[in-house]
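Subject: Structure for you to look at

Hi there,

Here is the structure I promised to pass along. Have a look at it first, and then read on for what I found.

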Protein chains: 4
Amino acid sequence: MDKELPQGAGETFRNSHPPSIPADGRHRYTLRIYYEDTDAGGIVYHANYLRYAERARTEALRAMGIPHADMVGQFNVMFVVRRIEVDYQRPARLDESLTVVTESVAVGGASLVLRQDVRGTMGSCAALTVRLACVRPGDNKPGRIPPRWRATLNAMRDASSTAKSCDHDEG
Amino acid sequence: MDKELPQGAGETFRNSHPPSIPADGRHRYTLRIYYEDTDAGGIVYHANYLRYAERARTEALRAMGIPHADMVGQFNVMFVVRRIEVDYQRPARLDESLTVVTESVAVGGASLVLRQDVRGTMGSCAALTVRLACVRPGDNKPGRIPPRWRATLNAMRDASSTAKSCDHDEG
Amino acid sequence: MDKELPQGAGETFRNSHPPSIPADGRHRYTLRIYYEDTDAGGIVYHANYLRYAERARTEALRAMGIPHADMVGQFNVMFVVRRIEVDYQRPARLDESLTVVTESVAVGGASLVLRQDVRGTMGSCAALTVRLACVRPGDNKPGRIPPRWRATLNAMRDASSTAKSCDHDEG
Amino acid sequence: MDKELPQGAGETFRNSHPPSIPADGRHRYTLRIYYEDTDAGGIVYHANYLRYAERARTEALRAMGIPHADMVGQFNVMFVVRRIEVDYQRPARLDESLTVVTESVAVGGASLVLRQDVRGTMGSCAALTVRLACVRPGDNKPGRIPPRWRATLNAMRDASSTAKSCDHDEG
């Protein structure tokens with residue numbers, strides 16, 4: 001029922017590169033900064049970058065055909081945050097438009113590491129490394145990432161590491 | 001198990017004035033303003049007064065022996081917000097200490113109207129009138145406020161309206 | 001430099017109906033509900049509707065060619081919230097898409113009343129009436145709404161009241 | 001004018017152990033979880049631990065006689081967050097009372113590393129390592145931590161590392 005889910009995302013999965021994965025393996029989510037996001041220092045309140053990163057993860061998973069409602073409904077598992085490292089690089093300000101670039105960097109049987117870069121018009125504002133665990137909602141015990149999704153996450157990781165080596169070649 | 005629940009709050013209820021109701025019927029909850037509360041205008045973000053009002057309602061109910069966990073657990077009802085009117089009177093700023101003064105102004109069979117005044121050192125910052133409905137969590141249908149609690153809320157309303165008429169006499 | 005500002009929004013203003021005002025005078029802003037928006041009741045936390053309403057006001061003003069940075073920069077005035085009434089009608093849930101419909105209902109020399117309806121897929125979730133004052137940032141004293149913007153806000157109000165009378169005719 | 005600032009905190013500093021530093025070098029800040037803190041998973045939203053950690057840092061600095069208003073007012077410097085690592089260990093729930101234990105672990109000329117443990121009744125919920133930079137508000141360039149405060153932060157670090165070695169001896 002989700003209008004934003006790419007049509008046939010599941011069906012096209014037989015191809016190694018489902019269309020729902022960006023060519024460079026990097027999902028992009030754009031948001032704007034409103035008053036609610038800022039603090040008396042005139043900049044985005046530092047904890048809010050974690051909120052933007054989660055919005056972006058939600059949309060990245062949805063774009064890959066893994067909306068979290070399906071994870072729970074079909075497979076009785078969900079991702080929970082286990083660890084976050086965040087480096088603050090440049091403050092973002094009111095009215096600024098930010099893009100969260102999400103990459104898959106490591107995919108395990110029941111865990112996932114993402115790299116998320118929150119970029120403003122003047123460069124990176126905050127860079128996050130996020131470790132997620134796949135757990136069963138009932139008892140919070142580890143649960144295996146369903147094979148189809150693991151393959152998608154691996155495809156995303158491969159596409160992004162290929163793109164990265166090209167970045168370096170060009171640099 | 002709640003250490004802040006006055007001992008024997010239920011038992012003492014036979015008295016018309018349980019000790020958990022302040023003499024003037026006005027519950028006071030104090031909080032401090034941190035960076036998270038402010039916005040780029042240098043003042044408290046306007047939506048946050050609703051958060052402070054809810055913290056204060058939670059503590060006011062707890063102090064009266066009506067912690068919301070008990071409402072659900074013992075009586076299978078809960079309060080939900082139906083309507084809020086808020087007048088913004090003076091901006092509050094970083095590091096300021098605010099006191100939310102909560103009064104019961106009308107108690108119905110399945111509804112409750114509270115008046116909540118968020119006061120800073122320089123006077124009132126925001127004045128709220130909050131209408132709550134008592135509902136059953138399962139289907140959100142109206143549920144009667146348990147008689148003991150209704151009596152407590154009425155006692156609070158009476159104490160506060162008495163205090164108010166004294167305020168006027170003195171004024 | 002704002003890519004979302006309609007090109008020539010100022011220039012086209014000579015027409016009574018600038019293109020930046022929707023035909024029915026109702027601005028629409030769409031957002032999605034993420035985990036950060038919800039509470040342990042499984043629904044959107046009630047104070048967050050005020051945040052959505054402000055995001056929508058910001059975008060409505062921007063679409064009308066009145067970004068708040070310009071208000072301060074060119075005219076040394078800004079809108080501040082003086083009063084909000086909000087009626088909660090139906091809870092919104094995780095992953096739901098909401099549309100905030102904003103209408104201008106009264107335009108004074110230094111004040112403005114907007115009606116904002118936050119709609120989900122099942123109907124209205126929260127209906128807000130928001131009174132804004134136009135003030136000078138320095139001393140918070142009332143400042144007149146610049147004539148061009150007042151005219152735009154009036155045009156929006158007229159378009160929406162016309163649309164409303166048509167709604168009734170059709171009903 | 002801050003009633004919570006210990007009287008004469010500055011004057012007593014001539015002693016190696018100012019009374020404002022806890023004997024074990026660990027500052028404790030207690031808060032309660034309200035609806036606003038939770039999400040649809042029924043637990044505290046993960047980004048909120050960063051807000052609690054900041055409330056605790058503010059109070060820890062205030063208790064040590066370093067309220068941030070004074071930092072800016074007297075010395076024209078402020079602390080900004082450069083990096084946070086947070087490990088999520090156990091979810092906290094509605095109505096739970098949490099204590100943030102803050103320790104100074106490294107004090108540099110213009111930087112500071114704190115360890116902050118957010119503890120619930122069942123154990124640690126989240127453990128944070130926070131790197132702060134001391135900067136000048138005007139240009140965000142590094143600024144030296146004023147010597148008196150550096151000494152206080154070092155005294156806090158020493159007290160806590162002594163306490164820690166005692167913990168181990170006892171263990």
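**How the copies meet**

All of the interface residues of chain B, that is 100%, are interface residues in chain D as well, so these two copies meet through the same surface. Please keep in mind that this is a predicted model.

The geometry of that pair goes with a turn of 180° and a shift of 0.0 Å along the axis, which lays chain B on chain D with an RMSD of 0.0 Å. Within chain B, the residue that comes closest to this rotation axis is Leu31(B), with its C-alpha at 5.2 Å.

**Chains A and B**

Now to the other pair. Chain A is superposed on chain B by a rotation of 180°, with 0.0 Å of shift along the axis and an RMSD of 0.0 Å. The two copies are therefore related as by a two-fold rotation axis. Which C-alpha of chain A is nearest the axis? That of Asp39(A), which lies 2.0 Å from it.

As for the contact itself, chain A contributes 10 residues and chain B contributes 10 residues. On the side of chain A that touches chain B, five residues are nonpolar, three are polar and two are charged. Here too the copies meet through the same surface, because 100% of the interface residues of chain A are also interface residues in chain B.

Happy to talk it through whenever suits you.

Best wishes

Conventions:
Residues numbered from 1 in each chain as written. Chains lettered and ligands numbered in written order. Predicted model: local features only at pLDDT ≥ 70, side-chain atom pairs only at ≥ 80, totals over all residues. Contact = placed C-beta atoms within 7 Å. Nonpolar A, V, L, I, M, F, W, Y, C, P; charged D, E, K, R; others polar. Least-squares fit on C-alpha atoms with pLDDT ≥ 70 in both.
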